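Dear colleague,

Please find the structure below, handed over for your records. A summary of what was found in it follows.

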Amino acid sequence: VERLESWEREYYDDLSGMRLHTEGVKRAIAEEMKEVRKHKVYDKVPVKECWDVTGKAPIQTRWLDINKGDKIHPDYRSRLVAKGFKKDNL
């Protein structure tokens with residue numbers, strides 16, 4: 001996972017499409033990563049190990065960002081989700 005300080009981009013709510021404040025999204029991502037680490041969701045290994053063990057590329061991920069609040073009282077949530085995950089790959 002990239003260092004949060006290097007993320008200089010615009011963020012948008014994945015449900016409404018409204019622009020989100022960068023600092024709020026960064027805090028939400030940091031909170032999610034804290035939980036990911038706490039629950040030991042994955043082990044970081046070299047990409048080559050993934051190919052060697054499974055014969056496939058690593059599963060791609062992306063951040064899903066939403067504001068569960070409103071413009072006055074924002075409540076940003078970010079979740080790390082799998083991309084292109086097919087049921088027949090299980």
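To begin with one residue of the surface, D52 is exposed, with a relative accessible area of 52%. Here buried stands for a relative accessible area under 20%, exposed for over 50%, and partly exposed for values in between, with a 1.4 Å probe and protein chains only. D52 forms a salt bridge with K48, and the closest N and O atoms are 2.8 Å apart; a salt bridge is a side-chain nitrogen of Lys or Arg within 4 Å of a carboxyl oxygen of Asp or Glu. K48 is likewise exposed, at 58% relative accessibility. Both D52 and K48 lie in helix 2 (residues 47-54), four residues apart, or about one turn of the helix.

Please note that this is a predicted model, in which local features need pLDDT of at least 70 and side-chain atom pairs count only at pLDDT 80 or more, while totals for chains, interfaces and linings use all residues. Residues are numbered from 1 along each chain as its sequence is written, and side-chain values use heavy atoms, with hydrogens and water left out.

Overall architecture

The protein has two helices and four strands, in the order β-β-α-α-β-β along the sequence. These elements are DSSP runs numbered from the N terminus: helices are H or I with at least four residues, strands E with at least two. Of the 90 residues in the protein, 22% are buried. The accessible surface comes to about 7600 Å², and carbon and sulfur atoms account for 53% of it; areas come from the Shrake-Rupley method with a 1.4 Å probe, and for residues only the protein chains shown count as cover. Among contacts between residues at least 6 apart in sequence, 42% join residues at least 24 apart, a contact being heavy atoms within 4.5 Å.

The nonpolar core

The largest nonpolar core has nine residues, namely Y11, L20, V25, A28, I29, M33, V36, W63 and Y76. Helix 1 supplies the largest share of this core, five residues. The term denotes a set of buried Ala, Val, Leu, Ile, Met, Phe, Trp, Tyr and Cys residues joined through side-chain atoms within 4.5 Å. One of the core residues, M33, belongs to helix 1 (residues 22-38) and is buried at 4% relative accessibility. M33 is 45 residues from S78 in sequence, and the C-alpha atoms of the two are 9.4 Å apart in space.

The S78 and D65 pair

S78 lies in strand 4 (residues 76-82) and is buried, with a relative accessible area of 1%. D65 lies in strand 3 (residues 61-67). The side chains of S78 and D65 are joined by a polar contact of 2.5 Å. A polar contact is a pair of N or O atoms within 3.5 Å; within protein, one must be able to donate a hydrogen and the other to accept it, and residues adjacent in sequence count only if both atoms are side-chain atoms.

Which side chain of opposite charge is nearest to D65? It is R9, 4.6 Å away, and D65 is buried yet has no salt bridge. In this assignment Lys and Arg count as positive and Asp and Glu as negative, with His and the chain ends not counted. Leaving aside neighbours within four places in sequence, D65 is in contact with several residues, including Y11, L20, V25 and I29. With the same exclusion, the contacts of S78 include V25, A28, I29, E32 and W63.

Salt bridges across the chain

A search of the whole structure finds seven salt bridges. One of them joins R62 and D14, with the closest N and O atoms 3.2 Å apart. R62 lies in strand 3 and D14 in the loop between strand 1 (11-12) and strand 2 (19-20), so the pair ties together parts that are 48 residues apart in sequence. R62 is partly exposed at 35% relative accessibility, and D14 is partly exposed at 33%.

R79 and E32 also meet through their side chains in a salt bridge (3.0 Å, N to O). This pair links distant parts of the chain, with R79 in strand 4 and E32 in helix 1, 47 residues apart. R79 is partly exposed, with a relative accessible area of 36%, whereas E32 is buried at 14%.

A backbone detail

K40 is placed in the loop between helix 1 and helix 2 and is exposed, with a relative accessible area of 69%. Phi of K40 is near 50°, a positive value in a residue other than glycine. Most residues other than glycine have a negative phi.

With kind regards
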